[in-house]
Protein chains: 2
Amino acid sequence: MDGMPTAKRRPSSAKQRYQEAVATYVAAGGDESVQRVITAVNSLTRKLDQWYARQLVDLDLSPGEWAVVTELAKAEGQPVTPSRLADAGNVAASSMTHRLDKMTERGLVRRSPDPDNRTRVLVELTDEGWQLFVAAVREANVVESDVLAGLTKSQRSALADLLEVVIADLDALDT
Amino acid sequence: MDGMPTAKRRPSSAKQRYQEAVATYVAAGGDESVQRVITAVNSLTRKLDQWYARQLVDLDLSPGEWAVVTELAKAEGQPVTPSRLADAGNVAASSMTHRLDKMTERGLVRRSPDPDNRTRVLVELTDEGWQLFVAAVREANVVESDVLAGLTKSQRSALADLLEVVIADLDALDT
DNA sequence: TGCTAATATTTCGAAATCGAAGTCTGCCGA
DNA sequence: TCGGCAGACTTCGATTTCGAAATATTAGCA
């Protein structure tokens, strides 16, 4: 370092910021092979979230509302309970009540009592909700493709394979 | 499919839910090699966020406050402006003002006017803030190591390498 | 059956967040 | 130098979220 004053570095690029982050975590006691992966995943997610947010304003949807739509879409038409939606969206049950109120008003989802269990409520996507989902996925896919443009097909495949190994272990850790 | 009624599947495992999610996005018009990666990253992040939230309650810290602490830690003692913190945390500048008020009260950060530019404010971590950061990283690293336990050292390295390629391209897409 | 504990949702008040002004300072061209 | 414009932060009112309490129903058990 010599007597040189610490350079006023401009941490402009994402890659640079990422590397500094890893170095910081490692210096604080984190394991390097762990921090490289975790930090990279977090960086990527943050950027993706920014882009999703931009696209969602076009659809006049909040990220939370989008989470509800995707969860219902994944259920393939099978109705889902509010508590499951709250869980999937990492959000308090009471917040979900409010969200569903608004989304119902707007005609994106439909609430109905569960005939088999009167403590439960079933939520499902309306036709309008489905249309919105399909349109949004198509748009998002454009951005997401750009994000992965730097990888060849086989690299994407390798990346997905590795991530899938991690995901397969995820449940076991919840205890 | 045969006339068999759709099985009432219990999408219990994370891997199963992941696969259904990918299938749903592909059916809606997404590209498969893209959706495998993006969905996996999102799944992983959601789980990580859940665990972080749990650890943070022990420290009596909100996820947002933690984001401030990490950003200041990454700056290695160099003060950072509130607007940069807001940007890094994907949050409105006005929200950051409120957060910093609280964190200052609590003694985690320190605000001071920038001597070179009186429109700016400089924020830095106090000693207490640093201690909290180091302690939290050590704890988080335990969980994160568990998450990646299913990968060998070289697999982790390969995973990190691939993610770094993606990150390197991130800035170019911001236009 | 009757009683208690557990579960699912909603209601309610407090706290966090947002976006739109508002205030102050620095920058730049006339 | 002056005037206006742009940038940084804060203030303010409205919206969203949270956690705890309230309500209603089911499940388990004596």
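# Working through a protein–DNA model

**Exercise 1. Find which residues come nearest to DNA strand C, and what part of the strand they meet.**

Step 1. Look around DNA strand C: 21 residues surround it, and the nearest of them are Pro82(A), Ser83(A), Ala92(B), Ser95(B) and Lys102(B). Keep in mind that you're looking at a predicted model.

Step 2. Now flip to the DNA side. Of the strand C atoms that come within 4 Å of the protein, 71% belong to sugar and phosphate.

Step 3. Sort the protein surface near strand C by class. You get five nonpolar, eleven polar and five charged residues.

**Exercise 2. Work out which helices supply the surface near DNA strand C, and pick out some polar contacts.**

Step 1. Go for elements that give at least two residues each: in chain A these are helix 4 (82-88) and helix 5 (93-106), and in chain B helix 5 (93-106).

Step 2. Which helix gives the largest share? That's helix 5 of chain B, with five residues.

Step 3. Zoom in on His98(B): one of its polar side-chain atoms sits 3.2 Å from a phosphate oxygen of DNA strand C. Arg118(B) also meets a phosphate oxygen of strand C, but through a backbone N or O atom, at 3.4 Å.

Step 4. Check for a base too. Ser94(B) has a side-chain N or O atom 2.8 Å from a base oxygen of DNA strand C.

**Exercise 3. Describe how chain A and chain B meet, starting with the number of residues in contact.**

Step 1. Count the residues: 80 from chain A touch 78 from chain B.

Step 2. Turn to area. The two chains bury about 7,500 Å² between them, with 61% of it on carbon and sulfur atoms. On the chain A side, Lys74(A), Leu162(A) and Ile167(A) lose the most area to chain B, yet together they make up 8% of what that side buries.

Step 3. Look for charged pairs. There are six salt bridges across the interface of chain A and chain B. One of them joins Glu164(A) to Arg36(B), whose closest N and O atoms are 3.0 Å apart.

Step 4. Add the polar contacts: 23 residue pairs across this interface qualify, both residues being at pLDDT 80 or more.

Step 5. Trace the chain A side back to its helices. Those giving two or more residues include helix 1 (14-27), helix 3 (63-74) and helix 7 (153-168). The largest share, 20 residues, comes from helix 2 of chain A.

Step 6. Finish with the classes: the side of chain A that touches chain B has 35 nonpolar, 21 polar and 24 charged residues.

**Exercise 4. Split chain A into its domains and describe the contact between them.**

Step 1. Mark the bounds: the assignment puts domain 1 at 12-58 and domain 2 at 61-145. Their centres, taken over C-alpha atoms, are 29 Å apart.

Step 2. How many residues does each domain bring to the contact? Domain 1 brings six and domain 2 brings eight.

Step 3. Check the area: the two domains of chain A bury about 630 Å² between them, 62% of it on carbon and sulfur atoms. Tyr52(A), Gln55(A) and Leu56(A) supply 77% of the area on the domain 1 side, more than any other three residues.

Step 4. Count the links. Between domain 1 and domain 2 of chain A you'll find zero salt bridges, along with three residue pairs in polar contact, both residues at pLDDT 80 or more. By class, the domain 1 side of this contact has five nonpolar residues, one polar and no charged ones.

Methods:
Residues are numbered from 1 along each chain as its sequence is written. Chains are lettered from A and ligands numbered from 1 in the order in which they are written. This is a predicted model: local features need pLDDT of at least 70, side-chain atom pairs count only at pLDDT 80 or more; totals for chains, interfaces and linings use all residues. Side-chain values use heavy atoms; hydrogens and water are left out. Domain bounds come from an automatic or database domain assignment. Contact means heavy atoms within 4.5 Å. Buried area is the accessible area (1.4 Å probe) that two parts lose on being put together, summed over both. A salt bridge is a side-chain nitrogen of Lys or Arg within 4 Å of a carboxyl oxygen of Asp or Glu. A polar contact is a pair of N or O atoms within 3.5 Å; within protein, one must be able to donate a hydrogen and the other to accept it, and residues adjacent in sequence count only if both atoms are side-chain atoms. Ala, Val, Leu, Ile, Met, Phe, Trp, Tyr, Cys and Pro count as nonpolar, Asp, Glu, Lys and Arg as charged, and the others, Gly among them, as polar. A residue is near a molecule or strand if one of its heavy atoms lies within 4 Å of it. Helices (H or I, at least four residues) and strands (E, at least two) are DSSP runs, numbered from the N terminus.
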